Amino acid sequence: MDMQVAKKKLGLKERYAVMTRGLDWTPSYQKMEDIYPYMAYEGIKIHDWDKWEDPFRLTMDSYWKYQAEKERKLYAIIDAFAQNNGHLNVTDARYINTLKLFISGISPLEYVAHRGFAHAGRAFPGAGPRVACLMQSLDEIRHAQTQVHAISNYNKYYNGMHDFHHMHDRVWFLSVPKSFFDDAITAGPFEFMVSIGFSFEYVLTNLLFVPFVSGAAYNGDMGTMTFGFSAQSDEARHMTLGLEVIKFILEQDPANVPIVQRWIDKWTWRGYRVLTLVAMMMDYMLPKRTMSWKEAWEVYFEENGGALFKDLARYGITMPKCAEQIALEKDHLSHQAWSTFYNYAAAANFHTWMPDEDEMTWLSSKYPESFDKLYRPRYEFWREQAAKGNRFYSKTLPMLCQTCQIPMVFTEPGEPTKICYREVDYKGDKYHFCSDPCKQIFEHEPEKYIQAWLPVQQIYQGNCFPEGTDPTVEGFDALAAVLKYYNLENGRDNLDFDISEDKKNFAEWRGQATKNI
Amino acid sequence: MAVAAVSKYEFAAADSQDKFHGAQLLFIGWEDHLLFCAPFAFPFPPAMRFGDVVAGPMQAAFGYHPDFAQIDWAKVEWLKSGKPFAPDFDKSLAENGLRHKDVIRFRTPGLNGIKGSCS
Ligand SMILES: [Fe+2]
Ligand SMILES: [Fe+2]
């Protein structure tokens, strides 16, 4: 008879070692630099990958188990949401426009983040960061998928979300988040980790992800809120990874410090410019506000970020210079952004509107320095004109910043009535910028940014019409052709909320759900 | 500075003039009128008369603003790349020294937007 021998189970620590570092090996017949060709060219020096402290001890097998359990719970709630017509519980139909912004502007970035972390993980010779990047890469594709699934419930009833990925690659304002991430994934693996892992996930995440999720909670959107909570434990891990990466690089060699500082400066600014969309979402698009953009910036960046940079001072890292300029813009950012979308409401995949009287009062109280003086007169004029049937739709395309690709809507620091113009001559051509930081980013790597796919320039080159379009025929309607190329239906997916099908349908359906008609 | 790259890194600009089918871009901003959120971008033939730009496309783009009809064009102050500029309305864009992707601004003294708010 065989003796039954109890199999010895590995302890947590051993198990982690075996499943992570134990999977690594030293090559014998290939050179390290051939296997890891992207390790040197950015100028970052790593002397000892073993100094990497794994910030969380999660192995792949427990990752699968844990995430599968989470996802089961999430999909149960999403199903219940769909079956109970959860979409009719949101505060009002204007809220749904934040979801259009999210699905076309943010969710596709989750997918690109998935690719970026997969690439970075492959590039690192250290087993610790490689496994951490692999997990984050998987988190990001799950985020993309679960967001698409959660928001698809709204797509059944409301307009503008039907072809979000196609739009992400084409619609003028979506080139802002798209080009931001394209910039990051086309950088080297170290810059990618600093840009997305640290600057975006660590420094700015509370200003991106949290406002959408808390906005969903405040506005009765159970589906999106649940998705947010489900992603929270991933986000905590991502933040830890972002911070660990930075500390590891800085500790490895003093020559890394100025390179990392430049990346932090660049990516804090690049990320902040993308947050312009979040700022207007918070101040204008959530029927029930959570906090103002200005308050969010003060709490999450000035206070929390301030503490972080104090902590990093011992490595020689300082607060990004652009923070001073951002502080000057915080009274204006969301209003300038909302005005922009009000101008170009004919060419966007969501609706815009003028704030009502109560909302104007809220805006004045949150922005006492700027709102009544600069923005209220503009809005009142627009409102009067709309009431007379003369709603403003700008039909001429705007000038864009070469770096952030946002229309040149930003004003001089400290001079909120003067548009900020900056320009550079490079190889016989002129390039224009919204700000000093965007100009400096260009000047550091002009070869990269002269290739920018600026939507306005592309439209004027004739590259944004459906195939077979002849723009030279009599009475050619460029806007109609561009909307076709975007796969947006004029009069349904765009224009003012007041005349939208969304508004009409929501009122009717909610009426059926709550009244006896 | 040059971009950090693993090999030769040289690409053409995505918006050089040769790609605009004979047109060149001109950017035009109206100072103190932020009701128009940003300066506008226009593709014009270099031979187009400056006065025709003002009377046609500029009227179409900026005409919504009640101040636009009040403009005394003789008093307008022009800037090109931030420096004073004196366009000749009867000459072409090219003859006025305007090249691809130049930016001009105009200031209309006495007209400062809706209720003087620079909107
Ligand atoms: Fe994510
Ligand atoms: Fe910019």
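Which residues does Ala113(A) touch, not counting residues up to four places away in sequence? In this predicted model, Ala113(A) touches Glu140(A), Phe181(A) and Phe192(A). Ala113(A) sits in helix H5 of chain A. Its relative accessibility is 3%, so Ala113(A) counts as buried.

One of these contacts leads to the metal site. Glu140(A), touched by Ala113(A), is a donor of the iron ion (ligand 1). The protein donors of this ion are Glu110(A) and Glu140(A), each through OE, and His143(A), through ND1. They lie 2.1 to 2.2 Å from the iron ion. Along the sequence, the donor residues follow the spacing E-x29-E-x2-H. Glu110(A) belongs to helix H5 (residues 107-123) of chain A and Glu140(A) to helix H6 (residues 127-155) of chain A, so the pair ties together parts that are 30 residues apart in sequence. Both glutamates are shielded under the 20% cut-off for a buried residue. Glu110(A) has a relative accessible area of 8%. For Glu140(A) the value is 1%.

Helix H13 (residues 276-285) of chain A also lies inside. Of its 10 residues, 10 are buried, so helix H13 is largely enclosed by the rest of the structure. The buried residues of H13(A) include Thr276(A), Asp283(A) and Tyr284(A). Met280(A), Met281(A), Met282(A) and Met285(A) are also among them. The C-alpha atoms of Met280(A) and Ala113(A) are separated by 24 Å. Along the chain, these two residues are 167 residues apart.

Chain B has a helix with buried residues of its own. In helix H1 (residues 50-62) of chain B, the buried residues are Phe50(B), Gly51(B), Val53(B), Val54(B), Met58(B), Ala61(B) and Phe62(B). What covers them includes five strands of chain B, listed here in order. They are E1 (24-30), E2 (40-44), E3 (77-80), E4 (83-85) and E5 (102-107). Glu10(B) is found in the segment before E1 of chain B. With a relative accessibility of 57%, Glu10(B) counts as exposed. Glu10(B) and Arg107(B) are 97 residues apart in sequence. Their C-alpha atoms are 40 Å apart in space.

The two chains meet at an interface. There, 53 residues of chain A are in contact with 45 residues of chain B. The chains bury about 4,200 Å² between them. Of this area, 60% is on carbon and sulfur atoms. Tyr421(A), Tyr460(A) and Gln461(A) supply 16% of the area that chain A buries against chain B. No other three residues supply more.

Polar and charged groups also meet across this interface. Two salt bridges are found between chain A and chain B. In a salt bridge, the side chains of Lys430(A) and Asp102(B) meet at 3.9 Å, N to O. Residue pairs in polar contact between the chains number 18, with both residues at pLDDT 80 or more. Several elements of chain A give two or more residues to the side that touches chain B. Among the helices are H16 (333-343), H18 (371-387), H19 (436-444), H20 (446-449) and H21 (455-460). The strands are E2 (415-419) and E4 (429-433). H18(A) gives the largest share, eight residues. By class, the side of chain A that touches chain B has 25 nonpolar, 16 polar and 12 charged residues.

Conventions. Residues are numbered from 1 along each chain as its sequence is written. Chains are lettered from A and ligands numbered from 1 in the order in which they are written. This is a predicted model: local features need pLDDT of at least 70, side-chain atom pairs count only at pLDDT 80 or more; totals for chains, interfaces and linings use all residues. Side-chain values use heavy atoms; hydrogens and water are left out. Donors are N, O and S atoms within 2.8 Å of the metal (3.2 Å for Na, K and Ca); water is not among the atoms, so sites may look incomplete. Helices (H or I, at least four residues) and strands (E, at least two) are DSSP runs, numbered from the N terminus. Buried means under 20% relative accessible area, exposed over 50%, partly exposed in between (1.4 Å probe, protein chains only). Contact means heavy atoms within 4.5 Å. Buried area is the accessible area (1.4 Å probe) that two parts lose on being put together, summed over both. A salt bridge is a side-chain nitrogen of Lys or Arg within 4 Å of a carboxyl oxygen of Asp or Glu. A polar contact is a pair of N or O atoms within 3.5 Å; within protein, one must be able to donate a hydrogen and the other to accept it, and residues adjacent in sequence count only if both atoms are side-chain atoms. Ala, Val, Leu, Ile, Met, Phe, Trp, Tyr, Cys and Pro count as nonpolar, Asp, Glu, Lys and Arg as charged, and the others, Gly among them, as polar.
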